[in-house]
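Me: I'd like to learn how to read contacts and buried residues in a model like this one. Could you take me through it step by step?

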Amino acid sequence: MSANTERMRSYRRAAVTLLVVAALYEASARSGYFAPALLPTLPTIGRTLFAMLLDGSMLGHALYTFYRVMFGFGLAIVVALPLGILMGRFRTVEGFFLPLASALMPVPSLAWVPVFILWFGLGNTTTVLVVFYAATFPMLLNTWSGVRSVNPLWLRAAGTMGADENAMFWKVIIPGASPFIITGMRQAFLRAWIAVVGAEMIAASNWGLGWVIFDAKEFLNTDIMLASLAVIGFIGFVFERLVFGSLERATIQRWGMVRAAKS
Amino acid sequence: MTLRDAVTAETARADVALATPARGIGDRLRSAALTAYPFVVVGAMWEIVAHLGIFPPRLFPTLEEVAATFVRLTVMGILPHHALETLARLSAGFALAAVAGVVIGIAMGRSRRAEDIFLPLVSIIAPIPGIAYAPLFLLWFGLGNFATVLLVGFASSFAVIINTWTGVKAVKEIWVRSAQSMGADNRRLFRLVILPGALPYIFTGLRLGMAQAWRILVVVEMLAGVQWGLGWMIFGAREFLNTDVMLAGVAVIGIIGLVLEKHVFQRLEDYTVVRWGMMEQ
Amino acid sequence: MPHIEIRDVSLIYDTPSGSVPGVQGVSFSIEPSEFLCIVGPSGCGKSTLLNIIAGFLMPTGGEIRIGGKIITGHGMDRGVVFQDFAQLFPWRTALANVTFGLEMKGISKAEREKIALEQLRLVKLDKFVRSYPHHLSGGMQQRVAIARALAYNPSVLLMDEPFAALDALTRDEMQRLLADVWRETKKTVIYVTHNVAEAVYLADRVVVMTPHPGTVKTEIPIRLARPRDPLSVEFLEHQKELLRHLGGEAGKA
């Protein structure tokens with residue numbers, strides 16, 4: 001009961017804060033001190049967002065971005081998940097790939113954009129590869145440490161109960177490592193999402209949320225920029241909370257392997 | 001489970017195999033060789049492809065060329081100049097994020113009012129990738145250093161804010177009670193108990209913030225029309241198909257990134273939270 | 001005049017399913033330099049009562065007087081030792097943990113280190129003054145906590161199952177040490193435990209509490225000569241009597 005009133009109270013306060021900030025923004029936009037092109041009013045941004053949603057252009061940009069991010073992210077999972085498991089199970093695989101991963105990981109994925117542009121040209125290939133690069137390492141390292149950190153007691157228990165190699169792998173190691181694997185996917189998507197926006201700014205032509213923001217700068221279309229920012233934030237939020245959140249709730253949270261999200 | 005794992009599981013765990021303690025000189029040589037051999041294999045493959053001429057040499061230079069370019073640019077002072085400018089921007093941007101982030105984070109952890117004001121804003125702004133704000137900042141503050149530093153500071157401050165806030169909230173109640181029963185007033189409770197108690201989280205936030213600042217700075221330099229900087233160097237080299245310059249630049253970016261991640265807060269942490277047993281190394 | 005008077009103290013918790021009495025109508029008093037144990041099964045409100053006496057919780061009814069004055073919060077007339085080893089500040093050495101209360105009092109550095117050293121000697125830790133808590137064993141950490149609670153010279157020492165998380169051998173050793181410390185310092189001690197043998201070994205008087213709601217069932221004086229022999233017939237008799245009181249309650253529930 002008291003927890004509920006507490007939550008209502010903090011929602012109310014959050015709403016008040018956001019309203020005040022919005023009012024301050026609106027006041028400075030209307031004050032005439034700043035160029036309207038640089039500081040559009042909230043109704044203008046809303047109208048732009050609405051118009052772009054209606055004529056389908058926003059959907060097009062979002063779909064392009066979504067396609068690139070899912071392609072790169074999917075590629076990263078297809079490569080990094082098996083590789084991470086192999087690294088966790090076999091010393092020789094670990095010995096070969098771990099030093100390489102440690103050396104490549106500190107290079108920000110977006111630093112590769114100019115190189116990839118030279119190699120693959122502007123467009124989808126470059127963007128997808130940058131996303132792939134960004135998503136691979138969190139996936140790889142989390143899978144690797146997840147497999148290594150599977151409780152040896154579980155392995156022994158499964159062994160005494162007659163589990164063979166195959167059962168051991170699918171029924172013990174994979175579920176045991178799943179908290180790390182899911183964390184890895186979450187971080188990989190977060191990195192991929194950042195990478196796709198950055199890569200589209202530099203390497204995409206005509207379509208994509210990152211491109212539309214950057215292109216809007218040329219024509220001082222601040223309203224388009226802010227509307228696209230809102231869409232980027234919305235998609236990121238949906239993925240972080242709804243997709244990965246429900247994935248976690250359905251698996252590791254149900255098994256009691258992690259506490260509920262810290263925030 | 002260490003504190004750092006709780007907040008982020010990603011910060012390089014990869015050094016485990018690199019840093020296996022070696023006892024004798026023979027062991028040490030052996031482990032150095034083991035670490036080096038994957039690089040030798042990959043390097044050899046690169047060399048074969050480059051020398052076979054499958055791709056145009058301008059686009060796929062040999063490693064000797066990249067190394068020669070690296071040495072040439074270093075001796076001419078061009079590479080150090082780019083790197084220093086980039087590091088100066090990083091320091092300015094990160095300092096901004098560190099100061100603002102720690103102050104706001106502590107305020108949020110200590111006062112309900114500050115939490116009510118900042119938490120909704122942080123939870124709306126933080127999930128959008130920092131780089132997405134770049135065009136907006138460039139439009140509002142113009143091309144150049146000011147917008148770059150401001151954006152780097154802005155984008156990297158959220159990791160510091162969130163971790164500091166969490167840390168202040170996570171200070172053990174039993175420490176607070178002990179200190180109060182020994183007569184600590186609010187000011188001393190803050191300085192002597194809450195601040196050191198939250199330190200492991202604050203360090204984690206600073207580490208993450210630094211890594212983020214580095215990632216975003218490299219891209220912003222490509223967009224912000226600055227004259228010097230590693231990001232600009234590799235971006236500009238594209239015009240003249242100078243792949244060797246680019247790869248040398250990427251290598252330097254990687255090395256600096258590695259040093260920042262591993263060593264900047266290391267000593268500070270070793271001297272405080274690690275010595276106190278509050279964080280494992 | 002008794003040192004501490006507890007008069008009709010109650011505390012009612014508000015929970016989502018309604019209000020639950022944690023402690024109800026508890027009254028007893030403690031003489032100066034008396035060692036009082038509060039014994040009861042878990043959930044009987046003994047720790048809640050100790051936290052009320054310490055001033056961390058406000059009672060919803062009744063009052064507590066120390067030296068005749070009603071308490072309204074925590075104060076430096078009381079030292080507190082908790083069960084959790086983590087009560088020590090990890091960023092301070094054993095010595096700096098013990099000096100904390102003296103620092104709050106504004107005593108000079110040289111003076112407070114002298115006092116803290118004495119206290120650490122009292123708990124036989126003078127070899128470990130420069131160690132950080134995470135380098136000390138659980139028993140040693142609890143000894144530092146005792147020294148820390150005594151250092152600023154409070155007249156009352158409140159202890160909430162301080163040895164419950166230790167292994168049996170260490171616990172015996174700690175009980176002997178605490179009996180010695182008490183004999184030397186002559187503090188008034190309120191000691192909460194669920195361990196009957198521990199209560200008989202340490203206490204001048206034992207207050208038995210029962211749960212749902214937490215009330216005082218009975219008080220039993222322990223008039224055995226010190227140092228006590230846990231294997232003597234009288235000791236075992238007292239232990240049986242206490243268990244009878246606790247067991248009767250458990251049987252009813």
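Reply: Happy to! Let's start with a term: a salt bridge is a side-chain nitrogen of Lys or Arg within 4 Å of a carboxyl oxygen of Asp or Glu. Between domain 1 of chain A and domain 2 of chain A the count is 0 salt bridges. Some ground rules: this is a predicted model, where local features need pLDDT of at least 70, side-chain atom pairs count only at pLDDT 80 or more, and totals for chains, interfaces and linings use all residues. Residues are numbered from 1 along each chain as its sequence is written, chains are lettered from A and ligands numbered from 1 in the order in which they are written, and side-chain values use heavy atoms, with hydrogens and water left out.

Me: Where are the two domains of chain A in the sequence?

Reply: Domain bounds come from an automatic or database domain assignment. For chain A it gives domain 1 (1–34) and domain 2 (37–250). Their C-alpha centres lie 32 Å apart. Taking contact to mean heavy atoms within 4.5 Å, 7 residues from domain 1 of chain A and 7 residues from domain 2 of chain A take part.

Me: How do I read the area buried between these two domains?

Reply: Buried area is the accessible area (1.4 Å probe) that two parts lose on being put together, summed over both. Domain 1 and domain 2 of chain A bury about 570 Å² between them, with carbon and sulfur atoms giving 70%. On the domain 1 side, A:Tyr25, A:Glu26 and A:Ala29 supply 68% of the area buried against domain 2, more than any other three residues.

Me: Which charged partners link chain B and chain A?

Reply: The count between these chains is 1 salt bridge. B:Asp116 pairs with A:Arg13, and the closest N and O atoms are 2.7 Å apart. The side of chain B that touches chain A has 45 nonpolar, 5 polar and 6 charged residues. In that split, Ala, Val, Leu, Ile, Met, Phe, Trp, Tyr, Cys and Pro count as nonpolar, Asp, Glu, Lys and Arg as charged, and the others, Gly among them, as polar.

Me: How much area do chain B and chain A bury between them?

Reply: About 5,000 Å², 78% of it on carbon and sulfur atoms. The contact takes 56 residues from chain B and 56 residues from chain A.

Me: Is B:Asp244 buried or exposed?

Reply: Buried means under 20% relative accessible area, exposed over 50%, partly exposed in between (1.4 Å probe, protein chains only). B:Asp244 has a relative accessible area of 15%, so B:Asp244 is buried. B:Asp244 lies in helix H12 (residues 243–263) of chain B; helices (H or I, at least four residues) and strands (E, at least two) are DSSP runs, numbered from the N terminus.

Me: Which residues does B:Asp244 touch?

Reply: Leaving out residues up to four places away in sequence, B:Asp244 touches B:Pro61, B:Glu65, B:Val66 and B:Thr69. B:Thr69 is found in helix H4 (residues 63–76) of chain B and is buried, with a relative accessible area of 3%. With the same sequence neighbours left out, B:Thr69 touches B:Asp244 and B:Val245.

Me: Why is helix H1 of chain C described as largely enclosed?

Reply: Because 8 of the 9 residues of helix H1 (residues 46–54) of chain C are buried, the rest of the structure largely encloses this helix. Among the buried residues are C:Leu49, C:Leu50 and C:Ile52. Just after this helix, C:Gly55 takes a positive phi of about 95°.
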